[in-house]
Amino acid sequence: MPEIWHSVKNYNMTHDESPIKTFVKRYWRTIGTACVILYLSIAPGSEFEHIPSFPNEDKVVHFLMYFGFAFILLWDLLDRFGMSIVQQKKLFLLIVGLPVIWGGSMELIQQFFTSTRSGDWLDELTNTLGAISGFFAGKWILPALLKRKK
């Protein structure tokens with residue numbers, strides 16, 4: 001293992017554990033959420049035909065997926081760094097930015113790399129609104145939940 005890893009303080013990593021394994025352990029909820037969104041975004045629409053539909057269901061699903069993504073990302077970061085990060089202004093850019101970039105990537109993948117799906121910029125707008133809402137809901141709900149947990 002490179003010498004630099006041994007000199008990093010508070011890395012909380014044993015000498016035989018890789019940085020990738022440590023990252024996955026810390027952010028498994030966020031990684032899992034991103035994987036579920038990836039699957040739901042690229043799976044053929046025919047896989048979901050048995051699910052009852054309603055008007056604008058696609059936008060509701062997009063909103064909820066990215067609400068959850070931002071909420072869970074904030075949860076993982078609060079678990080890792082503590083409540084003090086809630087006051088940092090850069091946190092909003094990270095918690096909203098990562099899901100928005102992921103959502104834009106999913107729309108581009110749908111448009112250019114699948115034959116059964118198509119990208120929609122209104123979906124990306126809905127993803128953005130969901131991520132913003134998930135951030136503010138998480139900022140309001142998670143500190144109280146995590147304080148109870150400890």
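Q: What links Phe63, Phe67 and Phe71 into a cluster in this predicted model?
A: Ring pairs do: they join Phe63, Phe67 and Phe71. Such a pair needs ring centres within 6.5 Å. By this rule the count comes to eight aromatic pairs.

Q: Why is the pair of phenylalanine 23 and tyrosine 27 called tilted?
A: Happy to walk through that one. The centres of phenylalanine 23 and tyrosine 27 are 5.0 Å apart, and the limit is within 6.5 Å, so the rings pair. Their planes make 45 degrees; stacked needs under 30 and edge-to-face over 60, so the pair is tilted.

Q: Is tyrosine 27 buried or exposed, and how do you know?
A: Tyrosine 27 has 11% relative accessibility. Buried means under 20%, so tyrosine 27 is buried.

Q: What makes phenylalanine 23 partly exposed?
A: Its relative accessible area is 46%. Buried is under 20% and exposed is over 50%, so phenylalanine 23 falls in between.

Q: How do you know that phenylalanine 92 and phenylalanine 136 form a tilted pair?
A: Here the centres are 5.9 Å apart, with 40 degrees between the planes. The distance is within 6.5 Å and the angle is neither under 30 nor over 60, so tilted is the right word.

Q: Why does this pair link distant parts of the chain?
A: Phenylalanine 92 is in helix 5 (residues 90-113) and phenylalanine 136 in helix 6 (residues 121-149), 44 residues apart.

Q: What puts arginine 29 over the face of tryptophan 75?
A: Arginine 29 is 4.1 Å from the ring centre, and the distance limit is within 6 Å, so that part of the test is met.

How values were computed. Residues are numbered from 1 along each chain as its sequence is written. This is a predicted model: local features need pLDDT of at least 70, side-chain atom pairs count only at pLDDT 80 or more; totals for chains, interfaces and linings use all residues. Side-chain values use heavy atoms; hydrogens and water are left out. Rings of Phe, Tyr and Trp (its six-membered ring) pair if their centres lie within 6.5 Å; planes under 30 degrees apart count as stacked, over 60 as edge-to-face and the rest as tilted. Buried means under 20% relative accessible area, exposed over 50%, partly exposed in between (1.4 Å probe, protein chains only). Helices (H or I, at least four residues) and strands (E, at least two) are DSSP runs, numbered from the N terminus. A charge sits over a ring if NZ of Lys or CZ of Arg is within 6 Å of the ring centre and within 35 degrees of the ring normal.
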